[in-house]
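Here are a few notes to read alongside the model. I hope they help you find your way around.

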Amino acid sequence: MSLKRRLPFLRWSVLRMATGARNITTTGQIGDGREAAAVDYVLANARAGDIDDVLARIDEFAYEKSLLINIGDEKGALLDTAVQRAQPALALELGTYCGYSALRIARAAPAARIYSIELAEANAANARRIWAHAGVADRVTCVVGTVGDGGRTLDVLAAQHGFGAGALDFLFIDHDKDAYLPDLQAILDRGWLRAGAIAVADNVKVPGAPRYREYMRAQQGARWDTIEHRTHVEYQSLVTDLVLESEFLG
Ligand SMILES: C[S@@+](CC[C@H](N)C(=O)[O-])C[C@H]1O[C@@H](n2cnc3c(N)ncnc32)[C@H](O)[C@@H]1O
């Protein structure tokens with residue numbers, strides 16, 4: 001592994017992210033156009049209709065060009081395994097970004113319908129271009145909105161996309177870290193998760209979702225059964241992270 005892969009602070013695009021931190025929370029993008037550049041790179045270099053190649057080209061862009069805040073290849077493998085465990089017919093993701101993790105979910109669950117909720121219209125547009133190139137646009141849908149909008153976005157899922165009691169098999173949480181727990185609670189309140197459904201949460205250590213982690217610990221063996229995966233922040237091997245994989249016990 002190259003030194004730059006192992007030591008992320010040697011990369012300009014990583015240092016640039018420090019100044020982009022405020023942009024991420026307000027616009028959902030770093031602020032230097034890297035997300036649109038990533039889409040252009042994928043469309044120019046990945047074989048159309050080849051999910052593996054599209055994912056590989058996104059990872060390549062994140063390693064070699066500019067760092068992206070996708071779940072990445074290492075943590076993505078944990079996501080794949082959790083999806084395969086759930087064998088979902090219906091999956092929901094919170095936080096689309098460039099569409100990378102939804103594409104991994106689509107690859108791991110070829111028969112699933114996948115919905116991804118994203119705050120930023122520009123990210124939704126980028127992700128749709130990636131999914132169309134990978135050939136999954138017929139079963140991966142981005143809904144622009146947020147769970148925390150008083151129920152409007154969840155109402156859209158219920159009214160237009162078949163979300164209902166016990167229908168949801170898999171949930172991937174990867175958006176605003178402070179919203180992990182309230183948004184999970186809002187989904188629980190709808191009764192959408194079936195017993196045995198799996199929820200995966202990224203970045204529980206970095207940037208961190210301590211209330212979500214505390215909740216899962218408090219619910220261990222009662223409502224949820226959680227595995228804490230010790231892993232690394234995306235696209236480097238220096239900083240550690242936690243991914244939580246939780247089975248809903250009903
Ligand atoms: C870490 S990125 C998601 C990465 C993506 N899941 C992947 O691995 O490919 C977080 C995304 O969540 C979006 N976001 C932030 N807060 C949100 C919210 N409250 N509701 C929906 N999306 C949100 C941001 O715009 C950004 O695109």
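1. The shell around the ligand is a mix: ten of its residues are nonpolar, nine are polar and three are charged. Please keep in mind that this is a predicted model.

2. Which residues come nearest to the ligand? Out of 22 around the ligand, they are G28, G95, Y97, Y100 and S101. Helix 6 and strand 2 are both contributors to the shell, with at least two residues each.

3. Helix 6 (residues 100–108) also has a place in the fold: together with strand 1 and strand 2 it makes a β-α-β unit, and that unit is right-handed.

4. Now for strand 1 itself, residues 90–94. Is this strand enclosed or open, and why? It is largely enclosed by the rest of the structure, because five of its five residues are buried. For a residue to count as buried here, 20 or more other C-beta atoms must lie within 10 Å of its own.

5. It is worth looking at the two faces separately. In a regular strand, side chains alternate between the two faces of the sheet. In strand 1, L90, L92 and L94 lie on one side, with A91 and E93 on the other, and both faces are covered. Do note that E93 is among the buried residues.

6. Strand 1 has parallel neighbours. Five bridges join strand 1 to strand 2 (residues 113–118), and four join strand 1 to strand 4 (residues 168–173). L92 is a handy landmark for both pairings: its bridge partner in strand 2 is Y115, while in strand 4 L92 stands opposite L171.

Terms used: Residues are numbered from 1 along each chain as its sequence is written. This is a predicted model: local features need pLDDT of at least 70, side-chain atom pairs count only at pLDDT 80 or more; totals for chains, interfaces and linings use all residues. A residue is buried if 20 or more other C-beta atoms lie within 10 Å of its own, exposed if 12 or fewer, and partly exposed in between; C-beta atoms are placed from the backbone. Two strands pair if DSSP finds at least two bridges between them. A crossover is right-handed if, with the strands pointing away from the viewer, the path from the first strand over the helix to the second runs clockwise. A residue is near a molecule or strand if its C-beta atom, placed from the backbone, lies within 6 Å of it. Ala, Val, Leu, Ile, Met, Phe, Trp, Tyr, Cys and Pro count as nonpolar, Asp, Glu, Lys and Arg as charged, and the others, Gly among them, as polar.
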